[in-house]
There are 2 protein chains.
Amino acid sequence: MKARVHVMLKDGVLDPQGEAVRHALLGLGFGTVGGVRQGKVIELDLADGATEADVTEMCEKLLANTVIESYSIQMS
Amino acid sequence: MKARVHVMLKDGVLDPQGEAVRHALLGLGFGTVGGVRQGKVIELDLADGATEADVTEMCEKLLANTVIESYSIQMS
């Protein structure tokens, strides 16, 4: 069983990495770029029987800083 | 127009961040965790008219280190 977790900064939280990437892309001549947001994607190999609730708990305890980050989980 | 780019380390490339997360999850008692791979997700706001080819070029030039990383693009 696999789970894919996306962790992104919440709207309104300054994203310095995203800003840096945006400036670099504009500097390379990619004029079509507006906003850039960068986050983490974590792919977990889980033993059978693991549930989305387990992954939610992993996010709450470790994978995401829920003060400034939001997360989404895809089980497969 | 939006594009979402996933950048992950290629298979076979050591993922120290993933290993650190794995050990931490095991330490927190999440015994169901096997492998952990961590990568980047980059969300781009693009002007109308931007194409997937543009985003591919952004990945090749800046967003991914194609020697050790692979990337996938979702336009929306």
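## Two chains, one pocket, two helix crossings

The largest pocket here holds about 270 Å³ of space. Keep in mind that this is a predicted model. Chain B can be laid on chain A with an RMSD of 0.0 Å, and helices from one chain pack against helices from the other, as in the pair formed by helix 1 of chain A and helix 2 of chain B.

**The pocket**

- A total of 17 residues line the largest pocket, and those nearest its centre are A:Gly39, A:Lys40, B:Gln38, B:Gly39 and B:Lys40.
- From chain A, strand 1 (2–9) and strand 2 (33–46) each give two or more residues to the lining.
- From chain B, strand 1 (2–9), helix 1 (16–27) and strand 2 (33–46) do so.
- By class, the lining is a mix of 6 nonpolar, 6 polar and 5 charged residues.

**How the two chains are related**

- To put chain B onto chain A, you turn it by 180° and shift it 0.0 Å along the axis. That makes the relation one of a two-fold axis.
- Within chain B, B:Lys40 has the C-alpha nearest the axis, at 2.3 Å.
- Both copies use the same surface, with 100% of chain B's contact residues recurring in chain A.
- B:Lys40 turns up twice in this picture: its C-alpha is the one in chain B nearest the axis, and it is among the residues nearest the centre of the largest pocket.

**Helix 1 of chain A with helix 2 of chain B**

- Helix 1 (residues 16–27) of chain A packs on helix 2 (residues 52–63) of chain B at about 110°, and their axes are 11 Å apart.
- An angle from 65 to 115 degrees counts as roughly perpendicular, so that is how these two helices sit.
- Chain A brings A:Val21, A:Ala24 and A:Leu25 to the contact, while chain B brings B:Met58, B:Leu62 and B:Leu63.
- This contact has 6 nonpolar residues, no polar ones and no charged ones.

**Helix 2 of chain A with helix 1 of chain B**

- Here the axes come within 11 Å and cross at roughly 110°, so these helices are roughly perpendicular too.
- The contact residues are A:Met58, A:Leu62 and A:Leu63 from helix 2 of chain A, plus B:Val21, B:Ala24 and B:Leu25 from helix 1 of chain B.
- The class count is 6 nonpolar, no polar and no charged.

How values were computed
Residues are numbered from 1 along each chain as its sequence is written. Chains are lettered from A and ligands numbered from 1 in the order in which they are written. This is a predicted model: local features need pLDDT of at least 70, side-chain atom pairs count only at pLDDT 80 or more; totals for chains, interfaces and linings use all residues. Side-chain values use heavy atoms; hydrogens and water are left out. Axes are lines fitted to C-alpha atoms, for helices over the stretch in contact, and angles run from 0 to 180 degrees between N-to-C directions. Helices (H or I, at least four residues) and strands (E, at least two) are DSSP runs, numbered from the N terminus. Angles under 35 degrees count as roughly parallel, over 145 as roughly antiparallel, 65 to 115 as roughly perpendicular and the rest as oblique. Contact means heavy atoms within 4.5 Å. Ala, Val, Leu, Ile, Met, Phe, Trp, Tyr, Cys and Pro count as nonpolar, Asp, Glu, Lys and Arg as charged, and the others, Gly among them, as polar. Copies are superposed by least squares on the C-alpha atoms of residues with pLDDT of at least 70 in both. On a 1 Å grid over the protein atoms alone, a cavity is a set of points where a 1.4 Å probe fits but cannot get out, and a pocket is an open set with protein on both sides within 12 Å along at least five of seven lines; lining residues have an atom within 4 Å of a point. Grid points are joined across faces, edges and corners, and a volume is the space filled by probe spheres set on the points.
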